[in-house]
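Some short questions and answers follow on how the labels in a structure are earned. Look at the structure first.

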Amino acid sequence: MSTPTGPASGLPVRMPRPRQSGRHRRPEPVIAPEGAAALVLAVPGAPSPATRSLAEEVISIARSELPGLNARIGYLDGDDEFPSLSSVLAHNAAERVARVEQARAAGREVADPQGPSAVVVPLLAGPDSALIRQIRQAVMDSGTQVELTDVLGPHPLLAEALHVRLSEAGLARADRARLFTVATAADGIVLTTVGGEEAVQAAGITGMLLAARLAVPVMAAALDVEGSVASVAEQLTGAGSAQLALAPYLIGPEVPEGLLDIAAKEAGCAAAEPLGAYPAIGKLVLSMYMAALGITPAVPQGTPAR
């Protein structure tokens, strides 16, 4: 039992850790500024319990990186069970106003909140003009002041995530430095995306990073363009690749169910899983949010920010 002066005798006392000094001192943790705009994750595709679980895990990763983060999930195709993006944005803005009014009613001097009430981050690895238009329309329908970020890629962390998903499926070596063999390792990668030619070009940048990691050719193809996957697979085999693998440059919810299986059959190869809630996805979502609000990431004391 505790006493006014501290814990009762016999109970362990947690002492504060001494701060490390020098250039290797741990960074001071960054917390979300009080009253900052909410992070609203815009989730495409048909909502489902699996999609909600994925989105919640992405948000959980972001919150672990930025304590105090006010984060919410809005679905482009929302319903009674899965709140739509426009309704989430409208509700969030109303709550923000209500908090200010409650503070003033309690006698506290509070300035009117400035800037956007939310930062909307699309849960998309690459550009998809149709989905982006849908997100923008939902923002307009909400009638709120919102900052809309770009999609998550291209980015080196997404190349890392693709590498991991391929290795999990036994289609790539997990670590080239260890030089162990994988009998099913592919010598050519079909990087699949959605969003037409614009998405293919954007995916090609991450594809170059993936090719450097795997030391095998990587070519991007569009799942929503007829014949694109088969054409890329033919180009790779024509260039000497004997064993192909399909790597989805997709989070997951944005692609209709069954489309990846069809693409794998067209390419005549095995496929890795979509990126899903790989930790890098949550970190990139948070990075987009922080950049939109000008929040500086933590850096170790004594180490200059770059």
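Q: How do you know that the span of helix 4 (residues 156-168) agrees with 1.5 Å a residue?
A: In this predicted model, the 13 residues of helix 4 should span 18 Å at 1.5 Å a residue, and the end C-alpha atoms are 19 Å apart, so the two values agree.

Q: Which residues of helix 4 are called buried, and what makes them so?
A: Buried means under 20% relative accessible area. The residues of helix 4 that meet this are Leu 158, Ala 159, Ala 161, Leu 162, His 163, Arg 165 and Leu 166.

Q: What do the buried residues of helix 4 pack against?
A: Heavy atoms within 4.5 Å count as contact. The buried residues of helix 4 pack against strand 7 (188-193), helix 5 (196-214), strand 9 (244-248) and helix 8 (279-293).

Q: What is the order of the four strands in the open sheet, and what is their pairing?
A: The order is 8-7-9-10, and the pairing is parallel.

Q: Why are strand 8 (218-222) and strand 10 (270-271) called edge strands?
A: Each of them pairs on one side only. Two strands pair if there are at least two bridges between them. Strand 8 and strand 7 have five bridges, in the parallel sense, so they count as a pair. Thr 192 stands opposite Ala 221 in strand 8.

Q: Where do helix 4 and helix 5 lie on the strands?
A: Helix 4 packs on the sheet, touching strand 7 and strand 9, and its direction makes about 130 degrees with that of strand 9. Helix 5 lies across strand 7 and strand 8, at about 155 degrees to strand 8.

Definitions and conventions: Residues numbered from 1 in each chain as written. Predicted model: local features only at pLDDT ≥ 70, side-chain atom pairs only at ≥ 80, totals over all residues. Heavy atoms only, no water. Helix = DSSP H or I, 4+ residues; strand = E, 2+ residues; numbered from the N terminus. Expected span 1.5 Å × (residues − 1). Buried < 20%, exposed > 50% of the residue type's maximum accessible area, 1.4 Å probe, protein only. Axes fitted to C-alpha atoms, helices over the stretch in contact; angles between N-to-C directions.
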